[in-house]
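Okay, thanks for making the time, everyone. Let me put the chain up on the screen, and then I'll talk you through it.

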Amino acid sequence: MLNDCLFCAIMAGEIPSTKVYEDEYVYAFRDINPVAPVHVLVVPKVHIPSALALTEQNSMYVAKCFEAIEKIARAEGLEGGFRVINNCGEDGGQSVMHLHFHLIGGTKLGEKLI
Ligand code: 5GP
Ligand code: ZN
């Protein structure tokens with residue numbers, strides 16, 4: 001597995017995934033353990049371990065992820081709203097150390113995050 005990284009392996013096609021969107025910078029696929037009717041993982045195509053590894057050089061991938069989120073949200077019928085979550089690091093509950101954004105929706109979400 002490339003870098004021993006699950007999401008790099010998914011993007012390399014070594015592990016199957018249900019793709020919902022792809023462009024030059026971003027790959028997005030359905031979470032294997034969805035917490036809502038729509039639960040998509042939006043992942044930059046370069047290995048950035050977490051939000052703590054962002055720099056001036058790679059931060060454009062965050063913008064590309066959010067450009068993808070806008071497209072995916074419309075394609076998934078989430079014009080009424082949705083939630084985007086980034087877990088960062090051990091205390092933030094991050095389990096896969098490749099930067100990703102959870103796009104969650106398809107139901108009325110509560111006002112509180114936790
Ligand atoms: P994190 O906890 O790092 O923010 O999010 C990792 C997410 O990856 C979890 O929501 C988990 O369900 C999802 N996940 C873990 N392994 C796989 C997998 O093999 N395939 C897919 N599609 N999602 C996965
Ligand atoms: Zn990776």
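I'll go from the overall fold to the cores, and then to a few single residues.

Housekeeping first: this is a predicted model, where local features need pLDDT of at least 70, side-chain atom pairs count only at pLDDT 80 or more, and totals for chains, interfaces and linings use all residues. Residues are numbered from 1 along each chain as its sequence is written, chains are lettered from A and ligands numbered from 1 in the order in which they are written, and side-chain values use heavy atoms, with hydrogens and water left out.

So, the fold. We've got 2 helices and 5 strands in the protein chain, and reading from the N terminus the order is α-β-β-β-α-β-β. Those elements are DSSP runs numbered from the N terminus, with helices being H or I of at least four residues and strands E of at least two.

How does the radius of gyration of the protein chain sit against a compact globule? It agrees: for 114 residues you'd want something near 13 Å, and the chain has 14 Å. That's over C-alpha atoms, and the globule rule is 2.2 Å times the number of residues to the power 0.38. If you prefer a box, the C-alpha trace spans about 35 × 30 × 25 Å along its principal axes.

On the surface side, the accessible area of the chain is about 6900 Å², and carbon and sulfur atoms own 53% of that. That's Shrake-Rupley with a 1.4 Å probe; for residues, only the protein chains shown count as cover. Buried residues are 36% of the 114, where buried is under 20% relative accessible area, exposed is over 50%, and partly exposed is in between (1.4 Å probe, protein chains only).

Contacts next, meaning heavy atoms within 4.5 Å. Take the pairs at least 6 apart in sequence: 53% of those contacts join residues at least 24 apart.

Now the inside. A nonpolar core here is a set of buried Ala, Val, Leu, Ile, Met, Phe, Trp, Tyr and Cys residues joined through side-chain atoms within 4.5 Å. The largest one has 18 residues, and V40, V42, I72 and F101 have the most contacts inside it. Which elements each supply at least two of its residues? They are β2 (26-30), β3 (38-44), α2 (60-75) and β5 (101-105). The largest share is from α2, with 7 residues. Apart from this core lies another, of 9 residues, including F7, C8, I10 and V96.

Let's zoom in on V42. Skipping neighbours within four places in sequence, V42 is in contact with V26, Y27, A28, C65, A68, I69, I72, L99, H100 and F101.

Staying with helix α2, we find Y61 there, and at 15% relative accessibility Y61 counts as buried. Its C-alpha is 7.8 Å from that of V26, 35 residues away in sequence. With neighbours within four places left aside, Y61 is in contact with Y25, P44, K45, V46 and I48.

E70 is in α2 too. Is E70 buried or partly exposed? Partly exposed, at 38% relative accessible area. E70 and P37 are 33 residues apart along the chain, and their C-alpha atoms are separated by 17 Å.

Last stop, the loop between β4 (83-85) and β5, where Q94 lies. Q94 is buried, at 10% relative accessibility. Not counting residues up to four places away, Q94 touches P49, S50, N87, C88, G89, L99 and H100. For S50, the C-alpha distance to Q94 is 8.4 Å, across 44 residues of sequence. G92 is found in the loop between β4 and β5 as well, and G92 is partly exposed at 30%.

That's my tour, so over to you.
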